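These are my notebook entries on a structure that I looked through for the first time. I record what I looked up, entry by entry.

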Amino acid sequence: MALLTPGGSDGAVMRVLPALDLLPHRVRVLPMDAGALLSGTEPEIVLVDATSDLMAARSTLRTIDTMGSWGAVLGVFAEAGLTVVDDQWPLHDVLLTTAGPGEIEARLRLVRRRAGAAAAAEVRTGPIRVADVVVDESSWTVRAGGRPLDLTFKEFELLKYLVQHPGRVVSREQLLQEVWGMDYYGGTRTVDVHVRRLRAKLGPERESLIGTIRNVGYRFAGARTTD
């Protein structure tokens, strides 16, 4: 679980949501910066502190939403702050700073279950299509515009991961962990080299599908469908 709060200082959990400190959850406190979620282990639940700066909290939530969804995203509000919450706040649920341990645990359990059900509903059998790129894991093939691509194993794994998360920003560190594995000792330059090769093989008309997010990582454009 990650808590995004201005400053990201120690003691933030007790200040923002005191009862959470009584529950057996591991909480990583981060500054109010959506990009901070891309470092370290990906959190199952994200809490955004909306108790002191509502505008900053809403902006952060919108950025998280455009980067791609985490398991569940909740806002933590003082009671007076709830009056501004509308459909411009991309949230799965809200928590009041005064919520007790029982209420917090119940809400976290419910949003985790809903997020899990939504993820299961997105599981696809058969080939994955994004734009005119089709990745078929069962036959280990990739076609772009109907043309088969000759990819190495790592190029295939990298492209598969990207098309499985279209529209989501993924850091170089995440890609190293997910594609190369925890035991890989090379640097993030490896990711850049493989992305460059993938773009070349996709061709000039599709190389822009893999967008570079400066100082962060990459994002695969397009909406995911199935054949």
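How many residues has H6, and what does H6 reach from its first C-alpha to its last? I found that H6 has 14 residues and spans 20 Å between those two atoms, close to the 20 Å expected at 1.5 Å a residue. The expected span of a helix is 1.5 Å times one less than its number of residues. Helices (H or I, at least four residues) and strands (E, at least two) are DSSP runs, numbered from the N terminus.

Before going further I noted the basis of the entries. The model is predicted, so local features need pLDDT of at least 70 and side-chain atom pairs count only at pLDDT 80 or more, while totals for chains, interfaces and linings use all residues. Residues are numbered from 1 along each chain as its sequence is written, and side-chain values use heavy atoms, with hydrogens and water left out.

**Entry: helix H6**

I looked up which residues of H6 are buried (buried means under 20% relative accessible area, exposed over 50%, partly exposed in between, with a 1.4 Å probe and protein chains only). In H6 the buried residues include Val191, Val195, Leu198 and Leu202. Charged or polar names also appear among the buried residues of H6, including Asp192, His194 and Arg199. After H6 comes glycine 203, and its phi is positive, near 95°.

**Entry: the sheet**

I then turned to an open sheet of three strands, whose order is S10-S12-S11 with antiparallel pairing. Two strands pair if DSSP finds at least two bridges between them. S10 (169-171) and S11 each have a single partner strand and stand at the edges, so one side of each has no neighbour in the sheet. From one strand to the next the twist averages 35°. For angles, axes are lines fitted to C-alpha atoms, for helices over the stretch in contact, and the values run from 0 to 180 degrees between N-to-C directions.

I checked one pairing in detail: S10 and S12 (residues 217-220) pair in the antiparallel sense over three bridges. Valine 170 stands opposite tyrosine 218 in S12.

Which helix packs on the sheet, touching S10, S11 and S12? I found helix H5 (residues 172-180) there, its direction making about 75° with that of S10. Contact here means heavy atoms within 4.5 Å. H6 lies across S11 and S12 and runs at about 145° to S11.

**Entry: salt bridges**

I counted ten salt bridges in the structure. Each is a side-chain nitrogen of Lys or Arg within 4 Å of a carboxyl oxygen of Asp or Glu.

One of them joins arginine 15 and aspartate 49, with the closest N and O atoms 3.5 Å apart. This pair links distant parts of the chain, since arginine 15 is in helix H1 (residues 12-16) and aspartate 49 is in strand S3 (residues 45-49), 34 residues apart. Is each partner buried or exposed? Arginine 15 counts as partly exposed at 46% relative accessibility, whereas aspartate 49 counts as buried at 0%.

Glutamate 103 and arginine 107 form another salt bridge, at 3.0 Å from N to O. Both lie in helix H3 (residues 101-121), four residues apart, about one turn of the helix. An α-helix has 3.6 residues a turn, so residues three or four places apart point the same way. Glutamate 103 is partly exposed at 36%, and arginine 107 is partly exposed at 27%.

I also noted arginine 206 with aspartate 132, at 3.0 Å from N to O. Arginine 206 is in the loop between H6 (189-202) and S11 (210-213), and aspartate 132 is in the loop between S6 (128-130) and S7 (133-136), so the pair ties together parts 74 residues apart in sequence. Arginine 206 is buried at 11%, while aspartate 132 is partly exposed at 28%. Shared partners join Asp93, Glu103 and Arg107 into one network of salt bridges.

**Entry: aromatic rings**

My last search, over the whole structure, gave three aromatic pairs. The rings of tryptophan 140 and phenylalanine 153 have centres 5.9 Å apart and planes at 10°, so this pair is stacked. Rings of Phe, Tyr and Trp (its six-membered ring) pair if their centres lie within 6.5 Å; planes under 30 degrees apart count as stacked, over 60 as edge-to-face and the rest as tilted.

Tryptophan 140 is partly exposed at 40%, and phenylalanine 153 is partly exposed at 48%. Tryptophan 140 also stacks with phenylalanine 156, at 4.4 Å centre to centre and 25° between the planes. Phenylalanine 156 is buried at 2%. Ring pairs thus link Trp140, Phe153 and Phe156 into a cluster.
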